[in-house]
Amino acid sequence: MNAVPSPALGRLSRRSLLAVALVAAPAAWAAPAFAAPTATRPLLLGTYTSAEGGGTGIGTATYDTATGAMTPGPVIPGVENPSYLALHPSGATLYAVAEQDAGAVTAVALAPDGTYDVLGTRPTGGSGPTHLSVHPTGRWLLSANYTSGSVAVHPIAPDGSLGERTDLVTHSSPPPGPGRSGPHAHQIVTAPDGGHVLAVDLGTDTVYTYRLDTSAGTLTEVSRAALAPGSGPRHLTFHPGGRSAYLACELDNTTVVCAYDPESGTLTPGAGQSTGSETGYPAQLVVTGDGSYAYLANRGPDTLTRYAVEDGGATLSLLGTVPTGGVWPRQLALSPDGSLLFAAHQRSSTVTAFRIGPDGSLTPAGDPLPAPVAVCVLPLP
């Protein structure tokens, strides 16, 4: 397994993507993320650099906002195993996990002129980080160490670079679920109220709610939500209304609707419900911006489940499934305007796009994009 660049190396030398990118994707990298919308926008792609057939860093591509057609671009090298990506609210800095034994997070500055700068890497204090997110204040990076079952906090400097870790919390209780050797923190995300941070642990069948001290960068647990033993909660997605959330449970092949109390941060799970497939390993849910529809990626059957969102977010009604057009859909993302859905396929090394209809229907848009061991896709504004 490749080594993570040492934090002691500091700021790495700037490499320019401009010459290559202007040929492959003129509109995408010639304009910054905060520029006025154009017909062609950037996609960033996560991969495993240590896997057979994997990538060599963070992949780039572009997509046509009208047709969904995708075009490959150059690679941002110097980032190890970037299996999950997140963008700073300013749009100026990208963050990536390094999913490996010596877990780490890396910051990459995206300049308005189309160049980039790897700002450095910090250890997460755990192993196998699979998810990270930026707190809405833009001052804190949150990451989840899957293998070691812990969550970490790093401060974000004004230039987007990362400081030394300010907290690390290991999920030491409750005991692991059936067939698991320990905790496995799979995701950490801030609730829409901004006051609570939730961590989903597949190993303990628990969602932990924390309050983040935005001055010190420390986490204090305020509540826990217990899922069915052996369900394996993987990924939590909030309804835009902020009082409901949806869990993809990987091990028992269910979706769980949860009530959420913004005042206390308490999450109350309901009963598991069908994914529309008899077998499979649910990966992730996304919800449309208007809160009307939700979509779930199902690995194994390689389908997208369509749900109608009802009762102000409190109910999901199964509408059916459609093929994803690839193998092992690991992650989903909506385009910023909400018109397109992207699916990253780990085993077919492709990304597919779908046009979302007014009725929540999904229509394939363009040809699949070749992307080595595609495990994350991030469309930029």
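**Exercise 1. Surroundings of S223**

Find the residues that S223 touches, not counting those up to four places away in sequence. Then place S223 in its strand and decide whether S223 is buried or exposed.

*Solution.*
- Step 1: S223 touches V207, Y208, T209, G265 and T266. Contact means heavy atoms within 4.5 Å.
- Ground rules: this is a predicted model, in which local features need pLDDT of at least 70 and side-chain atom pairs count only at pLDDT 80 or more, while totals for chains, interfaces and linings use all residues. Residues are numbered from 1 along each chain as its sequence is written, and side-chain values use heavy atoms, with hydrogens and water left out.
- Step 2: S223 belongs to strand β15 (residues 218–226). Helices (H or I, at least four residues) and strands (E, at least two) are DSSP runs, numbered from the N terminus.
- Step 3: The relative accessibility of S223 is 12%, so S223 counts as buried. The cut-offs are under 20% relative accessible area for buried, over 50% for exposed, and partly exposed in between (1.4 Å probe, protein chains only).
- Step 4: L198 is 25 residues from S223 along the chain, and their C-alpha atoms are separated by 9.5 Å.

**Exercise 2. The chain as a whole**

State the confidence of the model, then count its helices and strands.

*Solution.*
- Step 1: The mean pLDDT (the predictor's confidence in each residue, from 0 to 100) is 91. Of the residues, 90% reach 70 or more.
- Step 2: Over residues 1–37, pLDDT stays under 50. The model has 83 contacts beyond four places in sequence for this stretch.
- Step 3: The count is 2 helices and 29 strands.
- Step 4: The chain has 381 residues, and 59% of them count as buried.
- Step 5: Take the contacts with a separation of 6 or more; residues 24 or more positions apart account for 50% of them.

**Exercise 3. Strand β21 and its partners**

How many residues of β21 are buried, and which strands are joined to β21 by bridges?

*Solution.*
- Step 1: β21 spans residues 293–299, and 7 of its 7 residues are buried.
- Step 2: Split β21 by face. Y293, Y295, A297 and R299 lie on one side, and A294, L296 and N298 on the other; both faces are covered.
- Step 3: β20 (residues 281–287) runs antiparallel to β21, with 6 bridges joining them. Two strands pair if DSSP finds at least two bridges between them. Q284 stands opposite A297.
- Step 4: β20 and β21 form a hairpin with 5 residues between them. In this turn, G291 has a positive phi of about 75°.
- Step 5: On to β22 (residues 303–310): 6 bridges join β21 to this antiparallel strand. Y295 has R306 as its bridge partner.
- Step 6: The β21–β22 hairpin has 3 residues between its strands, and G300 in the turn has a positive phi of about 105°.

**Exercise 4. An open sheet**

Give the strand order of the open sheet of 4 strands and name its edge strands.

*Solution.*
- Step 1: The order is β16-β17-β18-β19, with antiparallel pairing.
- Step 2: β16 (233–238) and β19 (266–273) are the edge strands, each pairing on one side only.
- Step 3: From one strand to the next, the twist averages 25°. Axes are lines fitted to C-alpha atoms, for helices over the stretch in contact, and angles run from 0 to 180 degrees between N-to-C directions.
- Step 4: β16 and β17 (residues 244–249) are joined by 5 bridges. One residue pair is H235 with A248 in β17.

**Exercise 5. Aromatic rings**

How many aromatic pairs does the structure hold? Classify the pair of Y63 and F342.

*Solution.*
- Step 1: There are 4 aromatic pairs. Rings of Phe, Tyr and Trp (its six-membered ring) pair if their centres lie within 6.5 Å; planes under 30 degrees apart count as stacked, over 60 as edge-to-face and the rest as tilted.
- Step 2: Y63 and F342 are 5.1 Å apart, centre to centre, with 70° between the planes: edge-to-face.
- Step 3: This pair links distant parts of the chain, 279 residues apart: Y63 is in β2 (residues 57–64) and F342 in β25 (residues 340–345). Y63 is buried at 3% relative accessible area, and F342 at 0%.
- Step 4: The planes of Y208 and Y210 meet at 20° and the centres are 6.5 Å apart, so this pair is stacked. Y208 is buried at 1%, and Y210 at 2%.
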